[in-house]
Amino acid sequence: MLARIGGWALLGLAVLLQWNGNGLNYTLLLAGVALAVVVPMFLINQGARRAIRDGASATFEISDGGLTSSTPESRHAYAWNAFRHVDFLAGQLVFSLGGSRSIQVPTRGLSPQQINEVLNTAVAHGVPVR
């Protein structure tokens, strides 16, 4: 979260400098984008990979009612209308809840038909697939 705040602050500073007639500062612009977008994505992916490596097992259930994720410590259920969109990425489906909140579901154990079935179910319930 700190990286995102810092990135947005740099982007805001770049815009302010542009408005004051100093020209567009590409260094601030690129640093802001890196901090606001790239660094958080990298940290989230690293955290997910580390959790999987550390043996944190999770079970995902996808049904007409939505998505349920379970770990030894907790269980969370989400109706389809809770999701803004689903991203189909290499090795995972990312169910976006809005903002920076999302649920990453690994597709390693699923066949292409099963992945298509999940995506078709999402679309049938009004969740855009990207």
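Is Phe83 buried or exposed, and what is its relative accessible area? In this predicted model, Phe83 is buried, with a relative accessible area of 6%. The chain contains 3 helices and 6 strands, and from the N terminus on its elements follow the order α-α-β-β-β-β-β-β-α. The radius of gyration is 18 Å, well over the 14 Å that the globule rule gives for 130 residues, so the chain is more spread out than a compact globule.

**Overall dimensions and burial**

- The C-alpha trace spans about 55 × 35 × 25 Å along its principal axes.
- Buried residues make up 26% of the 130 residues of the chain.
- If one considers contacts between residues at least 6 apart in sequence, 36% of them join residues at least 24 apart.

**Helix H1**

- Helix H1 covers residues 2-19, 18 residues in all. From its first C-alpha to its last it reaches 26 Å, close to the 26 Å expected at 1.5 Å a residue.
- Ala3, Gly7, Leu11 and Ala14 are the buried residues of H1. These residues lie on the same side of H1, because they cover an arc of only 70° around the axis.
- An α-helix has 3.6 residues a turn, so residues three or four places apart point the same way.
- Leu2, Ile5, Trp8 and Trp19 are exposed on the other side of H1.
- Gly21, just after H1, adopts a positive phi of about 85°.

**The largest nonpolar core**

- The largest nonpolar core has 14 residues, of which Phe83, Val86, Leu93, Phe95 and Ile103 touch the most other members.
- At least two residues of this core come from each of strand E5 (92-98), strand E6 (101-106) and helix H3 (112-124). H3 provides the largest share, 4 residues.
- Apart from its neighbours within four places in sequence, Val86 is in contact with nine residues listed here in two groups: Leu93, Val94, Phe95, Leu119 and Ala122, and then Val127, Pro128, Val129 and Arg130.

**Aromatic pairs**

- The structure holds 4 aromatic pairs. In one of them, the rings of Tyr78 and Phe83 have their centres 6.0 Å apart and their planes at 50°, so this pair is tilted.
- Tyr78 counts as partly exposed, at 21% relative accessibility, whereas its partner Phe83 is buried at 6%.
- Trp80 and Phe95 form another tilted pair, with 6.3 Å from centre to centre and 50° between the planes. This pair links distant parts of the chain: Trp80 is in the loop between strand E3 (75-79) and strand E4 (85-89), while Phe95 is in strand E5, 15 residues apart.
- Both Trp80 and Phe95 are buried.
- Tyr78, Trp80, Phe83 and Phe95 are joined into a cluster through ring pairs.

**Thr121 in helix H3**

- Thr121 is located in helix H3. The relative accessible area of Thr121 is 16%, and this residue is therefore buried, the cut-off being under 20%.
- With its neighbours within four places in sequence set aside, Thr121 is in contact with Ser63, Asp64 and Trp80. Trp80 is itself buried and belongs to the ring cluster with Tyr78, Phe83 and Phe95.

Definitions and conventions: Residues numbered from 1 in each chain as written. Predicted model: local features only at pLDDT ≥ 70, side-chain atom pairs only at ≥ 80, totals over all residues. Heavy atoms only, no water. Expected span 1.5 Å × (residues − 1). Buried < 20%, exposed > 50% of the residue type's maximum accessible area, 1.4 Å probe, protein only. Arc of directions from axis to C-beta. Core = buried A, V, L, I, M, F, W, Y, C linked by side-chain atoms within 4.5 Å. Contact = heavy atoms within 4.5 Å. Phe/Tyr/Trp six-rings, centres within 6.5 Å; stacked < 30°, edge-to-face > 60°. Rg over C-alpha atoms; globule rule 2.2 N^0.38 Å.
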